[in-house]
Amino acid sequence: MNHTQAGLLTGLVLGLAAAFGGFGAFLLVLVLGGLGLLAGRFLDGKLDISALSGRDRG
């Protein structure tokens with residue numbers, strides 16, 4: 001299991017534990033799962049956030 005998978009799984013589990021039931025819980029789990037996925041992809045080096053900062057690496 002790589003960091004991307006672990007981050008996604010962690011976000012989903014925490015979302016389910018924090019908000020169990022209803023449409024609001026579904027949205028919270030969706031957001032936390034997405035954040036976990038982004039964190040995992042960043043740790044795996046597959047997400048380049050330098051483009052978001054507006055600075056060049058050059």
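**Three helices and a row of buried glycines**

At 11% relative accessibility, T4 counts as buried (buried means under 20% relative accessible area, exposed over 50%, and partly exposed in between, with a 1.4 Å probe and protein chains only). The model is a predicted one, where local features need pLDDT of at least 70 and side-chain atom pairs count only at pLDDT 80 or more, while totals for chains, interfaces and linings use all residues. Residues are numbered from 1 along each chain as its sequence is written, and side-chain values use heavy atoms, with hydrogens and water left out.

As for the overall layout, the protein has three helices and zero strands, and the pattern read along the sequence is α-α-α. Helices (H or I, at least four residues) and strands (E, at least two) are DSSP runs, numbered from the N terminus. Of the 58 residues, 17% count as buried. The accessible surface comes to about 4,500 Å², and carbon and sulfur atoms account for 69% of that; accessible areas come from the Shrake-Rupley method with a 1.4 Å probe, and for residues only the protein chains shown count as cover. Taking contacts between residues at least 6 apart in sequence, 45% join residues at least 24 apart, where contact means heavy atoms within 4.5 Å.

Helix α1 covers residues 3-18, and T4 is found in it. The 16 residues of α1 should span 22 Å at 1.5 Å a residue, and the end C-alpha atoms are 22 Å apart, so the two figures agree (the expected span is 1.5 Å times one less than the number of residues). Which residues of α1 are buried? They are T4, G7, G11 and G15. They cover an arc of only 65° around the axis, which puts them on the same side of α1; the arc is that of the directions from the helix axis to the C-beta atoms.

What does T4 touch, leaving aside residues up to four places away in sequence? The answer is L37, G40, R41 and D44. Helix α2 takes in residues 22-44. L43 is found in α2 as well, and there the C-alpha atom is 7.5 Å from that of T4, with the two positions 39 residues apart along the chain. Unlike buried T4, L43 counts as exposed, at 56% relative accessibility.

Two other residues of α1 have their own long-range pairings. Q5 belongs to α1 and is partly exposed, with a relative accessible area of 44%. Q5 and G40 are 35 residues apart in sequence, yet their C-alpha atoms are 6.9 Å apart in space. T10 also has its place in α1 and counts as partly exposed at 44% relative accessibility. From T10 to L37 the C-alpha distance is 8.9 Å, for a separation of 27 residues in sequence.

On the surface, F23, F26, L27 and L30 form a nonpolar patch, with about 440 Å² of accessible area together. Patches are made of residues with over 30% relative accessible area and no salt bridge, like charges being joined within 9 Å and nonpolar side chains (Val, Leu, Ile, Met, Phe, Trp, Tyr) within 5 Å; a salt bridge is a side-chain nitrogen of Lys or Arg within 4 Å of a carboxyl oxygen of Asp or Glu. One of the patch residues, F26, sits in α2 and counts as partly exposed, at 47% relative accessibility.
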